[in-house]
Amino acid sequence: MNTFAETLIAWQRGHGRHGLPWQVRDAYRVWLSEIMLQQTQVDTVIPYYGRFLSRFPDLPSLAAAPVEDVLTLWSGLGYYARARNLHKCAQAVMDRHGGAFPADPALLAELPGIGRSTAAAISAFSHGTRAAILDGNVKRVLTRCFGIDGFPGSKNVENALWTLAESLLPASDVDIYTQAQMDLGATVCTRGRPACGRCPVAGRCVALRDGRVGELPTPRPKKWSANGTGASR
DNA sequence: CACCCGTGGCA
DNA sequence: TTGCCAAGGGT
């Protein structure tokens, strides 16, 4: 029996997405795409990515630009702190790393706007580094396939998912594996109406076996508004 | 630790 | 119409 990772890698070669403009071994372009794709879908990012790259073809040009120019090109994408951090990050890479992104995920994660997951993605895509990502797609795939209950945004569940994600890493082809998880989550293991009939790991999916695909991942708990009566939860 | 941040798509 | 969520990170 193939491992989870081997199955996804085999699936990715034939059924994953391959023509996306940031699928290149270039840390600058990978980084730019990863920041734009944070909480933002592929179809929304594509036109912004092209315009941005035309105006800022490399790291030095971005680092040297006024932040206002960066924000102008970002206008409409939302989450504008990402654009400010993007600009700060470009300058930090110039200052700390001589204009080249480091390969080490731990160093990447020290840069503005780059957290643990984005650092792993940049390193895996740019250098094939063996590091686990944990984004919305991976959380959805893992909670379903392994039957993990609890809101994935809560600290304890997220910690468990990180541990699981690390344990599933393949020995090689981490870049393909990383893309496979994202593609599976985006095109098959979707939030609504997942296409379990086309899923390469349907045979070992706990949620599918137990008829719980619609229940996982566990939704965010509702917030209780203050009501002045002293009632609380 | 939970919460906030922008916009667009979907039921 | 309203709610919920999407390639998360900073606070």
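Trainee: Which element gives the most to the surface near DNA strand C?

Mentor: In this predicted model, helix H9 does, with 3 residues.

Trainee: What makes a residue count as near DNA strand C?

Mentor: One of its heavy atoms has to lie within 4 Å of the strand. By that test 24 residues surround DNA strand C, and Leu37, Gly113, Thr118, Asn137 and Lys222 are the closest. They split, as a whole set of 24, into 9 nonpolar, 10 polar and 5 charged residues.

Trainee: How do you know that glycine 113 makes a polar contact with the strand?

Mentor: A backbone N or O atom of glycine 113 lies 2.6 Å from a phosphate oxygen of DNA strand C. The cut-off for a pair of N or O atoms is 3.5 Å, so this pair qualifies. Glycine 115 also has a polar backbone atom 2.9 Å from a phosphate oxygen.

Trainee: And what does arginine 17 reach on DNA strand C?

Mentor: A base nitrogen, which is 3.2 Å from a polar side-chain atom of arginine 17. Of the strand's atoms within 4 Å of the protein, 67% belong to sugar or phosphate and the rest to bases.

Trainee: Good. Why is glutamine 179 called buried?

Mentor: Its relative accessible area is 10%, and buried means under 20%, so the word fits glutamine 179. This residue is found in helix H11.

Trainee: Which side chain does the side chain of glutamine 179 meet in a polar contact?

Mentor: That of aspartate 183, at 2.8 Å. Leaving aside neighbours within four places in sequence, glutamine 179 is in contact with residues including Arg17 and Phe125.

Terms used: Residues are numbered from 1 along each chain as its sequence is written. Chains are lettered from A and ligands numbered from 1 in the order in which they are written. This is a predicted model: local features need pLDDT of at least 70, side-chain atom pairs count only at pLDDT 80 or more; totals for chains, interfaces and linings use all residues. Side-chain values use heavy atoms; hydrogens and water are left out. A polar contact is a pair of N or O atoms within 3.5 Å; within protein, one must be able to donate a hydrogen and the other to accept it, and residues adjacent in sequence count only if both atoms are side-chain atoms. Helices (H or I, at least four residues) and strands (E, at least two) are DSSP runs, numbered from the N terminus. Ala, Val, Leu, Ile, Met, Phe, Trp, Tyr, Cys and Pro count as nonpolar, Asp, Glu, Lys and Arg as charged, and the others, Gly among them, as polar. Buried means under 20% relative accessible area, exposed over 50%, partly exposed in between (1.4 Å probe, protein chains only). Contact means heavy atoms within 4.5 Å.
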